[in-house]
Amino acid sequence: MAPNPMKMNTKQSANSSTSNIAASATTSSQEILVRETLRISANLASTPLLQTPSSLTMICCEEIDGRRWKYVAETDASGHFKKNSFRPLSLQSPQAPLDEVLAFVRSYVVPEGFPDSVTPSYVPYMTWRALKHFFGGAMGVFTTQTLLSSVGVSRNRATPGAVAINWILKDGAGRVGKMLFARQGKKFDYDLKQLRFAGDLLMELGAGVELATSAVPHLFLPLACAANVVKNVAAVTSTSTRTPIYKAFAKGENIGDVTAKGECVGNIADLLGTGLSILISKRNPSLFTTFSLLSCGYIVSSYREVKSVVLHTLNCARFSVAVESFLKTGRVPTLQEGNANENIFSFPWRDKPVVLGSRVKEAFQDPSAYIAIEPLFDREKYIVTYNPLKHKVYAVLKDQAKSDDILKAAFHAHVLFSLLNSNKSKTSSLKESGDLNSNVTHTTADIEACMADTCKIVTNSYGLFKNKAKEQGWTMSESLLNPGRARLSPPDNR
């Protein structure tokens, strides 16, 4: 009997439906599998890369200008910290290259703390000032070329244009040096004596390099560029420190008058010196001898100039003098004594034995030292310690530290430094006397004992030191002590 077409169609339809359902189920399973795979990958990608593994112990957290780090240390099976395992881990993703470039440029062209550190009129003033210098620099190329042509440079093989370009390159190199050194920023406020004297030394160095061009004229351009860089750096230092120095002399609202008269005296002396040099040059004296004598007079005069300035503020150098005098004699030096005893040769770029506002990784070599000392400063807004490997005292500031806390941290750090120096002097005396058992080193236990002693000294004497400093007329401000920007922050469990 012939098969029924209806039944066959029904059967084929059923088989087709079954196949479609199976295919649909397979496709749905694949989609779910792909979706879950993507979800897991996204979760892994969004998870911070710096999760603390179980073998790492978080010690503390630190913040600098809004960027946070956590310090961790690796432990062994017995629970002790492994050597050289103490390190910081960033809690932020790496900064974009464009942001790094903008931050770098910002550090050169705007003051620290901008825009909060300046008045609203600063931006339009600097905008128009930049435009003025732009047009002035453009005009300078043509005026220099014209002047060189007028004095007969065109008679030589070099054209006035080529000579003018060399001259402009020399001046341009000086301007670049001036711009780079301007990044020193706030150092001109609190270490102005040291920078002023350093600038005068650089000025003489630049003059010496300029004179060297007569011996090697074929190296005129590189030597002239180097000399101009050095002299422009010196010019930035002189200009930036001039106003604070004049301000120290003004008793009322007469800073403009004091500045004008001071510049007038300088110009008169400059003209007299120029006239004297013209008279001397007519006798054809030895260039080396003349330059040496004039340089000695310049440097001695510069040193006596900055030493004669009496400032009322306590920067790092004068603060150190005041604390040392207080610890030895119980009295704070007068303004004249403090300024007279200030070390002018302690330039800002040199390493200092006391570091205020340092990072944790600089102050502590291992987490055990931090854990041992940290309880001593539970009630303070700072932690002071001594790093025996670097032979420096560090004051680590907490994020709640205010102006008085920073001053107290600086006082505490100087007390610790003085106490350690005193112990070292006693040890040296015992060694010289023949006591071979006096080979004492600054171990962790020694540092902890010194820390306990300094905490008692600071508690009893810091208020007295502040009152006596105020009686002598000193102005204490944490900004003049140049604290670092790193701050200990509350623990972050991320």
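Tutor: Let's fix our words before we start: helices (H or I, at least four residues) and strands (E, at least two) are DSSP runs, numbered from the N terminus. This is a predicted model, where local features need pLDDT of at least 70 and side-chain atom pairs count only at pLDDT 80 or more, while totals for chains, interfaces and linings use all residues. Residues are numbered from 1 along each chain as its sequence is written, and side-chain values use heavy atoms, with hydrogens and water left out.

Student: OK, how many helices and strands does the protein have?

Tutor: There are 15 helices and seven strands. Of the 494 residues, 31% count as buried.

Student: What makes a residue buried or exposed?

Tutor: Buried is under 20% relative accessible area, exposed is over 50%, and partly exposed is in between, using a 1.4 Å probe and protein chains only. Take Arg318, which sits in helix H10 (residues 316-329). Its relative accessibility is 2%, so Arg318 counts as buried.

Student: What is Arg318 in contact with, beyond its sequence neighbours?

Tutor: Contact means heavy atoms within 4.5 Å. Leaving aside neighbours within four places in sequence, the partners of Arg318 are Lys193, Leu311, Thr313, Gly338, Asn339, Glu342 and Trp474. Glu342 is 24 residues away from Arg318 in sequence, with 5.6 Å from C-alpha to C-alpha.

Student: And what share of the protein's contacts joins residues 24 or more positions apart?

Tutor: Among contacts with a separation of 6 or more, 68%.

Student: Now Asn284: buried or exposed?

Tutor: Its relative accessibility is 67%, over the 50% mark, so Asn284 is exposed. You'll find Asn284 in the loop between helix H8 (255-281) and H9. Asn284 also has a positive phi of about 50° without being a glycine.

Student: How do you know which class Asn482 belongs to?

Tutor: Asn482 has a relative accessible area of 35%, which falls between 20% and 50%, so the label is partly exposed. Asn482 sits in the loop between helix H15 (444-471) and strand S7 (487-489). Here too phi is positive, near 55°, in a residue other than glycine.

Student: Let's do helices. How are H6 and H9 oriented to each other, parallel or antiparallel?

Tutor: Two packed helices are described by the angle between their axes and the distance between the axes. The axes are lines fitted to C-alpha atoms, for helices over the stretch in contact, and angles run from 0 to 180 degrees between N-to-C directions. For H6 (residues 192-212) and H9 (residues 287-307) the angle is about 170°, with the axes 9 Å apart. Under 35 degrees is roughly parallel, over 145 roughly antiparallel, 65 to 115 roughly perpendicular, and the rest oblique. That makes H6 roughly antiparallel to H9. Residues in this contact include Phe197, Leu201 and Leu211 of H6 and Phe291, Tyr298 and Val306 of H9.

Student: What kinds of residue make up the contact of H6 with H9?

Tutor: Eleven nonpolar, three polar and five charged. By the rule, Ala, Val, Leu, Ile, Met, Phe, Trp, Tyr, Cys and Pro are nonpolar, Asp, Glu, Lys and Arg are charged, and the others, Gly among them, are polar.

Student: On to strands. How do you know that S1 and S2 pair?

Tutor: Two strands pair if DSSP finds at least two bridges between them. S1 (residues 56-64) and S2 are joined by eight bridges and run antiparallel, so they qualify. In S2, Arg67 stands opposite Ile64. The hairpin of S1 and S2 has two residues between the strands, and Asp65 there takes a positive phi near 50°.

Student: What about S2 and S3?

Tutor: Four bridges, again antiparallel, join S2 to S3 (residues 87-90). Trp69 has Ser90 in S3 as its bridge partner, and Tyr71 stands opposite Pro88.

Student: Why is S2 described as largely enclosed?

Tutor: Six of the eight residues of S2 (residues 67-74) are buried, so the rest of the structure largely encloses the strand.

Student: Which strands stand at the edges of the sheet S3-S2-S1-S7?

Tutor: This open sheet of four strands has antiparallel pairing. S3 and S7 each have a single partner strand, so they are the edges.

Student: And what makes S4 and S5 edge strands?

Tutor: S4 (354-356) and S5 (382-387) each pair on one side only. Their open sheet of three strands has the order S4-S6-S5 and mixed pairing. Within this sheet, S5 and S6 (residues 392-397) pair antiparallel over six bridges, and Val384 stands opposite Ala395 in S6.
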